[in-house]
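Visitor: Please take me through the nonpolar interior of this protein. I would like a close look at that one part.

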Amino acid sequence: MKLKNIVITGGSGYLGQCVARELGQNNNRVSLIDINKDSLDSTIKKLAQEGINCYSYQADVLDDSILKEISTNLVKKIGEIDVLITLVGYSPKRNGFRPNTVDISLKEWKEVIDINLTSLFNTFSAFFPKMREGGKIITVSSTAGMNGSETAGAHYCAAKAGVIGFTKSVVKECAQKGILINSIAPGKIENPNWEDNKGNINNYIKSIPLGRLGTAEELSKLITFLVSDSNTYLTGKVITVDGGRTM
């Protein structure tokens, strides 16, 4: 795979780190964007110790003006963007369980929709015009946006359904620049930062044909293929990664 300029939002999260590590091993220029400066600095330091050097930008993806400023400055520094990966996500719990819909305040509803969906609109609007022809975009939705969820609230499910809808709605716009866009829809993925009830997770695992949760490394390898030169025709797809739970 030839050297690429890659932008990852939600870059200091657990999945963001794994994706940056996987793509950075190929000497790509990886730029991480995250709202949490401490976490971002820690991620950059950790990856540097592994020989993977990344650019970092502390920013709120709900601030469209900041994202557009970053995209402009980044292109001046390293050139047009080849790959855009949006990993921002937020699913609040109630003592480890999904909140009942009637217990969700309007404030929380708007917050979850904004973080999961509006952030995608802002990111696409800022970086798509700066992308090189023939580039790749990966959005991360969720099987919760396809089938609902026993572990995530209605606001999260609605937002992730919106991510799928947004991805499909811009396929033709992307195709005009030869850009391929796909969405990965994971089920539950192992994450040490979870707030989920362990019993709830164990019940979830029982419904997975493969009998285990997926890993961030597995998702990272799929993303690596989708943004590689080997992917020349796959676009507009929602790829479920849930061990056969969704069929």
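Guide: What follows is a walk through the nonpolar cores, then a few buried residues.

This is a predicted model. Start with the largest nonpolar core. It has 27 residues. Seven names matter here, as they touch the most other members: Val7, Ile33, Leu74, Phe124, Phe127, Ile137 and Cys174. Several elements each supply at least two residues of this core. The helices among them are α3 (64–78), α4 (106–127), α6 (154–169) and α7 (171–175). The strands are β4 (81–86) and β5 (131–140). Helix α4 gives the most, with five residues.

Now zoom in on Ile33. Leaving out residues up to four places away in sequence, Ile33 touches Val7, Ile8, Thr9, Gly10 and Gly11, among others. The list also includes Tyr57, Ala59, Val61, Leu67, Ile70 and Phe127.

A second core lies apart from the largest one. It holds 26 residues, including Ile8, Cys54, Leu219 and Leu226.

Next, the cysteines. A search of the whole structure finds zero disulfides. Cys18 is in none; its nearest cysteine sulfur belongs to Cys54, 13 Å away. Cys18 counts as buried because its relative accessibility is 6%, under the 20% cut-off. Cys157 is also buried, at 12% relative accessibility.

Finish at Thr224. Thr224 sits in helix α9 (residues 216–226). With 13% relative accessibility, Thr224 counts as buried too. Beyond its neighbours within four places in sequence, Thr224 is in contact with Glu22 and Leu23.

Conventions. Residues numbered from 1 in each chain as written. Predicted model: local features only at pLDDT ≥ 70, side-chain atom pairs only at ≥ 80, totals over all residues. Heavy atoms only, no water. Core = buried A, V, L, I, M, F, W, Y, C linked by side-chain atoms within 4.5 Å. Buried < 20%, exposed > 50% of the residue type's maximum accessible area, 1.4 Å probe, protein only. Helix = DSSP H or I, 4+ residues; strand = E, 2+ residues; numbered from the N terminus. Contact = heavy atoms within 4.5 Å. Disulfide = S-S within 2.5 Å.
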